[in-house]
Amino acid sequence: MIRTLPIFVLLAVLFGANRASVRAADPKPVKVFLLAGQSNMQGHGKVKAEPRRNGGKGSLEWLVKDSGTAARFKHLVDKNGKWLPRKDVQIWYLGRKGDLRPGYGFREGFIGPELGFGHVVGNAFDEPVLLIKLAWGGKSLAKDFRPPSSGGDVGPYYKQLLSLTREALRDAKKDFPQYAGRKLELAGFGWHHGW
């Protein structure tokens, strides 16, 4: 009986090591961040410089070209000045989806907090990142986004926030095939409201 004990110990160690190596081979989960709010989360920052307006200053294009700011924003463009998509950070914004790049503001040609935030979390994690952005301008916390915990009528945009988040999570592996075989992990929630 004493001679068989080391075999059981060895089997237990091997079985445990095998399980650990299987777990180590599993891909890490996709880090999911929900970015929500109203007009300031939508994003009204201009991508393209307008020379007739303020000499072209105040746009993302100006920031990547101006000698005083170009070094801080060089990660956004290639050597020819074309916008670089971030392949490890995906975005889903009210049905628009793809690699993170300029243009996910309230409409194409604009940016919001998603661009800077996406680069920061993309640099912070080895895992891929999915940003789910849900924002509508001109909405109030007291009525439009009113949660059930506040009593009274639940706001329609609060309900829409929940349903669209569920939809984006449900369809993530179809919308982003590179996530196949990975779990999704809700890692954070950011709210940017505005007025």
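Let's start with a single side chain: R170 is exposed, with a relative accessible area of 62%. Its partner is D171, and the two side chains meet in a salt bridge, with 3.0 Å from N to O. D171, though, is buried, at a relative accessible area of 16%, because anything under 20% counts as buried. So this pair joins an exposed residue to a buried one. Keep in mind as we go that this is a predicted model.

Now step back and take in the whole chain. The protein chain has six helices and seven strands, and if you read along the sequence they come in the pattern α-β-α-β-α-α-β-β-β-α-β-α-β. There are 195 residues, of which 35% count as buried. The chain exposes about 12,000 Å², with carbon and sulfur atoms supplying 59% of that area. As for how the chain folds back on itself, take the contacts with a separation of 6 or more: residues 24 or more positions apart account for 62% of them.

A good place to go inside is strand β3, residues 86–93. This strand is mostly covered, with six of its eight residues buried. What does β3 pair with? One partner is strand β4, residues 96–100, which runs antiparallel to β3 over five bridges. Along that pairing, R86 stands opposite L100 and I91 stands opposite G98. The two strands form a hairpin with two residues between them, and here L94 takes a positive phi near 45°. Another partner is β6, which pairs with β3 in the parallel sense, again over five bridges. There you can find Q90 opposite L130.

Strand β3 also leads us to the nonpolar interior. In soluble globular proteins, nonpolar side chains tend to be buried together. The largest nonpolar core here has 19 residues, and those with the most contacts inside it are I91, L100, L115, V129 and L131. Which elements give two or more residues to this core? They are β1 (30–37), α3 (60–65), β3 (86–93), α5 (113–124) and β6 (129–135). Apart from this core lies another one, of 16 residues, including W92, I132, L134 and A168.

To get a feel for the larger core, look around L100. Leaving aside neighbours within four places in sequence, its contacts include L84, P85, V89 and I91, along with L115, G118, H119 and L131. R86, which we met opposite L100 in the strand pairing, is on the contact list too, as are Q90 and E114.

For the other core, W92 makes a handy guide. W92 sits in strand β3 and is buried, with a relative accessible area of 5%. Not counting residues up to four places away in sequence, W92 touches a run from L130 through L131, I132 and K133 to L134, and also K97, L164, E167, A168 and D175. That last residue, D175, is 83 residues away from W92 along the chain, yet their C-alpha atoms are separated by 8.9 Å.

W191 is a tryptophan in another setting. W191 lies in strand β7, residues 184–192, and at 31% relative accessibility it counts as partly exposed. Together with L141 and F189, W191 forms a nonpolar patch on the surface, and the three have about 310 Å² of accessible area together.

Finally, back to charges. Side chains of opposite charge can pair when their charged atoms come close. The salt bridges in this model come to ten. One of them joins K31 and E127, whose closest N and O atoms are 4.0 Å apart. K31 lies in strand β1 and E127 in the loop between α5 and β6, so this pair ties together parts that are 96 residues apart in sequence. Both K31 and E127 are buried, and with E185 they are linked in a network of salt bridges.

Another salt bridge joins K48 and E61, also with closest N and O atoms 4.0 Å apart. K48 lies in the loop between β2 (45–46) and α3, while E61 is in helix α3, so the parts tied together here are 13 residues apart in sequence. K48 is exposed, with a relative accessible area of 57%.

Technical notes
Residues numbered from 1 in each chain as written. Predicted model: local features only at pLDDT ≥ 70, side-chain atom pairs only at ≥ 80, totals over all residues. Heavy atoms only, no water. Core = buried A, V, L, I, M, F, W, Y, C linked by side-chain atoms within 4.5 Å. Buried < 20%, exposed > 50% of the residue type's maximum accessible area, 1.4 Å probe, protein only. Helix = DSSP H or I, 4+ residues; strand = E, 2+ residues; numbered from the N terminus. Contact = heavy atoms within 4.5 Å. Patch = residues over 30% accessible without salt bridge, like charges linked within 9 Å, V, L, I, M, F, W, Y side chains within 5 Å. Areas by Shrake-Rupley, 256 points an atom, 1.4 Å probe, with all protein chains shown as cover. Pairing = 2+ DSSP bridges.
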